[in-house]
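Reader: Happy to look at charged pairs with you. Could you walk me through the salt bridges here?

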Amino acid sequence: MRGLEEPGPRPTATPCGCVKPALETGNLLTEPIGYLESCFLAKNGTPRQPSICSHSRARLRIRKSIFNNPEHSLMGLEQFSHVWILFVFHKNGHLSCKAKVQPPRLNGAKTGVFSTRSPHRPNAIGLTLAKLESVEGGAVYLSGIDMIHGTPVLDIKPYIADYDSPQNLMEPLADFNLQNNKPKPQTVSQCEGSNDSCDQQQLLECSEPQHHCGTEEEPKYPEDRTSEENYLKRDNTAEGPQTLPKHRERATDFDLEPTNDRSPSVTEEQIVLRGLENSCPEEGTDEGPKSEYGAVVLQGSSVDMQPAPPPCRARMADRVPCSVVPAWVREAPAAPLQVRFTPHAEKELEQLSSGGEPGVDQASFRYFQSAKEARHAIESVLSADPRSVYRRKLCQDRLFYFTIDVAHVTCWFGDGFAEVLKIKPVSEPLQMTDPAESLVSLGS
Ligand SMILES: C[S@@+](CC[C@H](N)C(=O)[O-])C[C@H]1O[C@@H](n2cnc3c(N)ncnc32)[C@H](O)[C@@H]1O
């Protein structure tokens, strides 16, 4: 390929040297469809992936400057259980030009930015799969999010397992089995386990193949919807609307797991399919992997190593409806932390949920419905250890602060645990207005 000109039209430059926005060159001038109202006020303490905290909530109102009738643009969306949210990492500080990054899961080791979900990427665009709680007028209500308050949202797309999850691409497998004269594998039900079984797993591992579960996605009942006054507080979350599919696939359900003798210095990626006699056939043979469905874990990955293509990745991708991820994605740098609250913090949380005054039966949370739900969200955030690798290694003894809904949480980390010391109301109420209209900057 070297020596060939890059395809595509040349970007046109303005006299000042800036590149003119133009669809054909891909130089888009984006206009957010809305600004997210999120229970996470700042980056600190915001989950690294949406699956970490299923109780996290947000609302996105489509701006009238995009569509005169925002509700028209959301027509039909209520029939989906999950949506992709494309957004701008607007609090990155600057655009990043680093080709290698250090994702927390690699504990300081580097890998190519495009092999990660790092916020620091050339176009600072994020992609989150969120649960769609409801559509109300020109607004969508989401849960299971990892975006901060004020995040500019560029687009919403429905999550369609049939298109978006390799597990659901049935055709190639059928071909493969025809060629090999093998019976079509059973469609294993992956319906065991609760929604929460996905917590702290990458969403890559958690698709919702409706036909596997025999659960068609159904529109939510209109009566589930809340009024504007009820705002984001909804009584579904873990218990959720009964109409939505609750079950997810997990790689481990497929009896696939990495071996223990993994080392980052492994130079050859191995595909480990436990229980399969011949996980990776010789090149040139017609013998395919005997896996049914599931994710394949590649050992070794490409962390600061010469890229070594897995011996049969292409063939597997062609033939087996599975996804392939390097082992480091699945391996947390540390085990989930135990989370505890001091009696003082427990009391403060109760007070906060009752409007600050003991005995007053009115929740003061904007996003959570009860102290229990807020507590669950705090536990999920802390259990996944939200500290940066730097903080974890060098500032172990420092207090850690984060804000969730209207709670400002102070905690510290010990060996294998996090302890919540204080929970105070946030001093400034969350701005709920469109920053473009109010010219108020949101978030931190
Ligand atoms: C690792 S990114 C993953 C986001 C998305 N799921 C993705 O894969 O593109 C999530 C982290 O981005 C940070 N973040 C969230 N919203 C942000 C924003 N608007 N600007 C900058 N950073 C943000 C938070 O620290 C959060 O923990």
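Reader: Which residues are linked in a network of salt bridges?

Author: Good place to begin! A salt bridge here is a side-chain nitrogen of Lys or Arg within 4 Å of a carboxyl oxygen of Asp or Glu. By that rule, the residues linked in a network are E37, R59 and R61.

Reader: Before we go on, what do the values rest on?

Author: This is a predicted model, where local features need pLDDT of at least 70, side-chain atom pairs count only at pLDDT 80 or more, and totals for chains, interfaces and linings use all residues. Residues are numbered from 1 along each chain as its sequence is written, and side-chain values use heavy atoms, leaving out hydrogens and water.

Reader: How many salt bridges does a search of the whole structure find?

Author: The search covers the whole structure. Its count of salt bridges is 10.

Reader: How far apart in sequence are the parts that R340 and E419 tie together?

Author: These two form a salt bridge, with the closest N and O atoms 3.4 Å apart. R340 lies in strand β12 (residues 338-341) and E419 in strand β15 (residues 417-425) (strands being DSSP runs of E, at least two residues, and helices runs of H or I, at least four, numbered from the N terminus). The pair therefore ties together parts whose separation in sequence is 79 residues.

Reader: Is R63, which pairs with E31, buried or exposed?

Author: R63 forms a salt bridge with E31, their closest N and O atoms being 3.9 Å apart. Buried means under 20% relative accessible area, exposed over 50%, and partly exposed in between (1.4 Å probe, protein chains only). With a relative accessible area of 9%, R63 is buried.
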